[in-house]
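Please open your viewer, show the whole chain as a cartoon, and keep the selection box ready. We will go from one stop to the next, and at each one you will be told what to select and what is there.

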Amino acid sequence: CRAGLSVEMMASPDWLHYANVRFTMCVPAKAGNPSYARDEIRLTRELGCDVLVFFVQNEGLLLYPDGVSPQDPAVGGRDLLAEIVGEAKKEGVRIVAGWFGAHCQTHQVKTHPAWRVCRLELSGDETGGEMSIETASYELDTVCFNSPFRDHFLAEVREVLSGYDVA
(Lines give C-alpha, C1' and ligand atoms only; values in the text may rest on other atoms or scores of the structure.)
Protein backbone atom coordinates (compact mmCIF):
# COMPACT_ATOMS: atom_id res chain seq x y z
CA CYS A 1 0.00 0.00 0.00
CA ARG A 2 1.06 3.56 -0.66
CA ALA A 3 0.67 6.52 1.67
CA GLY A 4 -2.92 6.97 2.85
CA LEU A 5 -5.53 9.09 1.12
CA SER A 6 -6.51 12.49 2.37
CA VAL A 7 -9.96 12.97 3.87
CA GLU A 8 -10.93 14.94 0.76
CA MET A 9 -9.87 12.13 -1.56
CA MET A 10 -11.74 9.53 0.51
CA ALA A 11 -14.91 11.66 0.23
CA SER A 12 -14.52 11.99 -3.53
CA PRO A 13 -16.79 9.95 -5.81
CA ASP A 14 -13.55 8.73 -7.40
CA TRP A 15 -12.10 7.39 -4.12
CA LEU A 16 -11.60 3.92 -5.55
CA HIS A 17 -9.17 5.26 -8.19
CA TYR A 18 -6.86 6.50 -5.43
CA ALA A 19 -7.48 3.84 -2.79
CA ASN A 20 -4.77 1.80 -1.10
CA VAL A 21 -6.62 -1.45 -0.58
CA ARG A 22 -6.01 -4.35 1.77
CA PHE A 23 -8.03 -7.56 1.45
CA THR A 24 -8.63 -9.82 4.42
CA MET A 25 -10.85 -12.63 5.51
CA CYS A 26 -11.72 -13.62 9.03
CA VAL A 27 -9.45 -16.21 10.61
CA PRO A 28 -11.84 -18.30 12.75
CA ALA A 29 -9.14 -19.14 15.29
CA LYS A 30 -8.63 -15.41 15.94
CA ALA A 31 -12.24 -14.23 15.59
CA GLY A 32 -13.04 -14.80 19.26
CA ASN A 33 -10.36 -12.33 20.34
CA PRO A 34 -12.11 -9.17 21.63
CA SER A 35 -9.43 -7.00 19.97
CA TYR A 36 -9.80 -8.70 16.56
CA ALA A 37 -11.44 -5.71 14.83
CA ARG A 38 -9.05 -3.18 16.35
CA ASP A 39 -6.07 -5.35 15.37
CA GLU A 40 -7.30 -5.69 11.76
CA ILE A 41 -7.76 -1.95 11.35
CA ARG A 42 -4.43 -1.23 13.04
CA LEU A 43 -2.68 -3.60 10.60
CA THR A 44 -4.51 -1.98 7.68
CA ARG A 45 -3.17 1.42 8.72
CA GLU A 46 0.34 0.08 9.44
CA LEU A 47 0.45 -1.21 5.87
CA GLY A 48 -0.43 2.27 4.62
CA CYS A 49 -3.88 1.30 3.43
CA ASP A 50 -7.04 3.36 3.71
CA VAL A 51 -9.55 0.81 2.40
CA LEU A 52 -10.18 -2.66 3.80
CA VAL A 53 -12.10 -5.25 1.81
CA PHE A 54 -13.49 -7.42 4.59
CA PHE A 55 -15.19 -10.69 3.70
CA VAL A 56 -18.45 -10.83 5.67
CA GLN A 57 -18.79 -14.60 5.72
CA ASN A 58 -16.65 -17.64 6.34
CA GLU A 59 -17.52 -20.84 4.47
CA GLY A 60 -21.06 -19.48 4.03
CA LEU A 61 -21.51 -18.61 7.72
CA LEU A 62 -21.98 -14.93 8.56
CA LEU A 63 -19.75 -12.76 10.71
CA TYR A 64 -22.76 -10.75 11.87
CA PRO A 65 -25.95 -11.94 13.63
CA ASP A 66 -29.54 -12.23 12.48
CA GLY A 67 -28.87 -12.72 8.79
CA VAL A 68 -30.32 -14.91 6.08
CA SER A 69 -27.62 -17.48 6.89
CA PRO A 70 -26.50 -18.68 10.32
CA GLN A 71 -23.69 -16.89 12.10
CA ASP A 72 -20.26 -18.47 12.29
CA PRO A 73 -19.92 -19.83 15.85
CA ALA A 74 -16.27 -18.69 15.85
CA VAL A 75 -17.39 -15.08 16.45
CA GLY A 76 -19.23 -16.06 19.64
CA GLY A 77 -22.48 -14.23 18.88
CA ARG A 78 -20.75 -10.85 18.42
CA ASP A 79 -21.39 -8.59 15.45
CA LEU A 80 -17.87 -8.72 14.06
CA LEU A 81 -18.82 -6.71 10.99
CA ALA A 82 -20.16 -3.85 13.16
CA GLU A 83 -16.95 -3.98 15.22
CA ILE A 84 -14.82 -3.75 12.06
CA VAL A 85 -16.92 -0.85 10.73
CA GLY A 86 -16.74 0.96 14.08
CA GLU A 87 -12.96 0.63 14.41
CA ALA A 88 -12.49 1.62 10.77
CA LYS A 89 -14.52 4.77 11.24
CA LYS A 90 -12.29 5.81 14.17
CA GLU A 91 -9.20 5.44 11.97
CA GLY A 92 -10.60 6.87 8.73
CA VAL A 93 -10.55 3.52 6.93
CA ARG A 94 -13.29 2.79 4.39
CA ILE A 95 -14.78 -0.72 4.52
CA VAL A 96 -15.82 -2.59 1.41
CA ALA A 97 -17.91 -5.67 2.14
CA GLY A 98 -16.68 -8.74 0.31
CA TRP A 99 -18.13 -12.15 -0.48
CA PHE A 100 -16.54 -15.24 -1.94
CA GLY A 101 -19.49 -15.58 -4.29
CA ALA A 102 -20.06 -19.09 -5.55
CA HIS A 103 -17.07 -20.79 -3.93
CA CYS A 104 -16.21 -21.32 -0.25
CA GLN A 105 -19.87 -21.96 0.51
CA THR A 106 -19.51 -25.10 2.61
CA HIS A 107 -22.55 -24.32 4.77
CA GLN A 108 -24.85 -23.80 1.77
CA VAL A 109 -23.58 -26.96 0.08
CA LYS A 110 -24.27 -29.03 3.21
CA THR A 111 -27.69 -27.45 3.70
CA HIS A 112 -28.71 -27.35 0.02
CA PRO A 113 -26.73 -29.97 -1.94
CA ALA A 114 -28.85 -29.33 -5.05
CA TRP A 115 -27.31 -25.83 -5.24
CA ARG A 116 -23.85 -27.25 -6.04
CA VAL A 117 -22.11 -26.69 -9.35
CA CYS A 118 -22.31 -29.81 -11.48
CA ARG A 119 -19.72 -30.69 -14.09
CA LEU A 120 -20.99 -32.86 -16.88
CA GLU A 121 -18.73 -35.21 -18.78
CA LEU A 122 -19.96 -35.50 -22.34
CA SER A 123 -19.17 -38.20 -24.81
CA GLY A 124 -20.15 -38.70 -28.38
CA ASP A 125 -19.65 -37.20 -31.78
CA GLU A 126 -18.14 -33.72 -31.70
CA THR A 127 -19.11 -33.08 -35.34
CA GLY A 128 -22.80 -32.62 -34.58
CA GLY A 129 -23.79 -36.21 -33.97
CA GLU A 130 -25.39 -37.46 -30.78
CA MET A 131 -23.89 -36.51 -27.45
CA SER A 132 -24.65 -38.21 -24.17
CA ILE A 133 -23.98 -37.40 -20.54
CA GLU A 134 -21.69 -40.07 -19.14
CA THR A 135 -21.05 -38.80 -15.63
CA ALA A 136 -21.80 -35.83 -13.45
CA SER A 137 -19.50 -34.71 -10.67
CA TYR A 138 -20.11 -32.01 -8.11
CA GLU A 139 -17.75 -29.32 -6.91
CA LEU A 140 -17.03 -29.69 -3.19
CA ASP A 141 -17.93 -26.21 -1.93
CA THR A 142 -19.02 -24.31 -5.01
CA VAL A 143 -22.64 -23.35 -5.59
CA CYS A 144 -24.35 -22.46 -8.84
CA PHE A 145 -25.86 -19.02 -9.41
CA ASN A 146 -28.48 -20.72 -11.62
CA SER A 147 -30.05 -22.13 -8.45
CA PRO A 148 -31.94 -20.59 -5.52
CA PHE A 149 -28.51 -19.61 -4.18
CA ARG A 150 -28.64 -16.50 -6.37
CA ASP A 151 -31.62 -15.09 -4.42
CA HIS A 152 -30.05 -16.16 -1.12
CA PHE A 153 -26.79 -14.41 -2.04
CA LEU A 154 -28.54 -11.20 -3.11
CA ALA A 155 -30.48 -11.18 0.18
CA GLU A 156 -27.15 -11.28 2.06
CA VAL A 157 -25.79 -8.40 -0.03
CA ARG A 158 -28.95 -6.34 0.58
CA GLU A 159 -28.88 -6.92 4.35
CA VAL A 160 -25.23 -5.88 4.62
CA LEU A 161 -25.56 -2.80 2.41
CA SER A 162 -28.69 -1.65 4.22
CA GLY A 163 -27.44 -2.41 7.74
CA TYR A 164 -23.81 -1.30 7.73
CA ASP A 165 -21.81 1.71 6.59
CA VAL A 166 -19.89 -0.16 3.90
CA ALA A 167 -19.29 0.13 0.19
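Two residues are in contact when heavy atoms of theirs lie within 4.5 Å, and helices (H or I, at least four residues) and strands (E, at least two) are DSSP runs numbered from the N terminus. The model on your screen is predicted, so to speak of local features a pLDDT of at least 70 is needed, side-chain atom pairs count only at pLDDT 80 or more, and totals for chains, interfaces and linings use all residues. Residues are numbered from 1 along each chain as its sequence is written, and side-chain values use heavy atoms, with hydrogens and water left out.

**Stop 1: the whole chain**

Colour the protein chain by secondary structure, and you should find seven helices and seven strands, which follow the pattern α-α-β-α-α-β-β-β-α-β-α-β-β-α along the sequence. Of its 167 residues, 40% count as buried, where buried means under 20% relative accessible area, exposed over 50%, and partly exposed in between, with a 1.4 Å probe and protein chains only. Among the contacts in the chain with a separation of 6 or more, 66% are between residues 24 or more positions apart.

**Stop 2: helix α5**

Select residues 80-91, which form helix α5 with its 12 residues. From its first C-alpha to its last the helix reaches 17 Å, close to the 16 Å expected at 1.5 Å a residue, the expected span being 1.5 Å times one less than the number of residues. Which residues of α5 are buried? They are L80, L81, I84, V85, E87 and A88. An α-helix has 3.6 residues a turn, so residues three or four places apart point the same way. Now add α3 (28-31), α4 (36-46), β2 (51-55), β5 (94-98) and α7 (149-163) to the view, since the buried residues of α5 pack against these elements. Just after the helix comes G92, whose phi is positive, near 70°.

**Stop 3: the nonpolar cores**

A nonpolar core is a set of buried Ala, Val, Leu, Ile, Met, Phe, Trp, Tyr and Cys residues joined through side-chain atoms within 4.5 Å. Select F54, L80, L81, I95 and V160, which have the most contacts inside the largest nonpolar core, a set of 31 residues. The elements α4, β2, α5, β5 and α7 each give two or more residues to this core, and the largest share, five residues, comes from α5. Apart from this core lies another, of eight residues, among them W15, V51, V53 and F55. Then select L80 alone: not counting residues up to four places away in sequence, L80 touches C26, A31, Y36, F54, L63 and V75.

**Stop 4: the aromatic rings**

Rings of Phe, Tyr and Trp (its six-membered ring) pair if their centres lie within 6.5 Å, and planes under 30 degrees apart count as stacked, over 60 as edge-to-face and the rest as tilted. The structure holds seven aromatic pairs. Select W99 and F153, whose ring centres are 6.1 Å apart with planes at 70°, so this pair is edge-to-face. W99 lies in the loop between β5 and α6 (106-111) and F153 in helix α7, so the pair ties together parts that are 54 residues apart in sequence. Are W99 and F153 buried or exposed? Both are buried. Add F145, and you will see that the rings of F145 and F153 have their centres 5.4 Å apart and their planes at 85°, so this pair, too, is edge-to-face. F145 has 32% relative accessibility and counts as partly exposed, whereas F153, at 14%, counts as buried. To see the cluster that ring pairs build, select W99, W115, F145, F149 and F153 together.

**Stop 5: strand β1**

Finish with residues 21-24, strand β1, which has a covered face, R22 and T24, and an uncovered one, V21 and F23. In a regular strand the side chains alternate between the two faces of the sheet. Show β2 as well, because two strands pair if DSSP finds at least two bridges between them, and here four bridges join β1 to β2, which run parallel. Within this pairing, T24 stands opposite F54 in β2.
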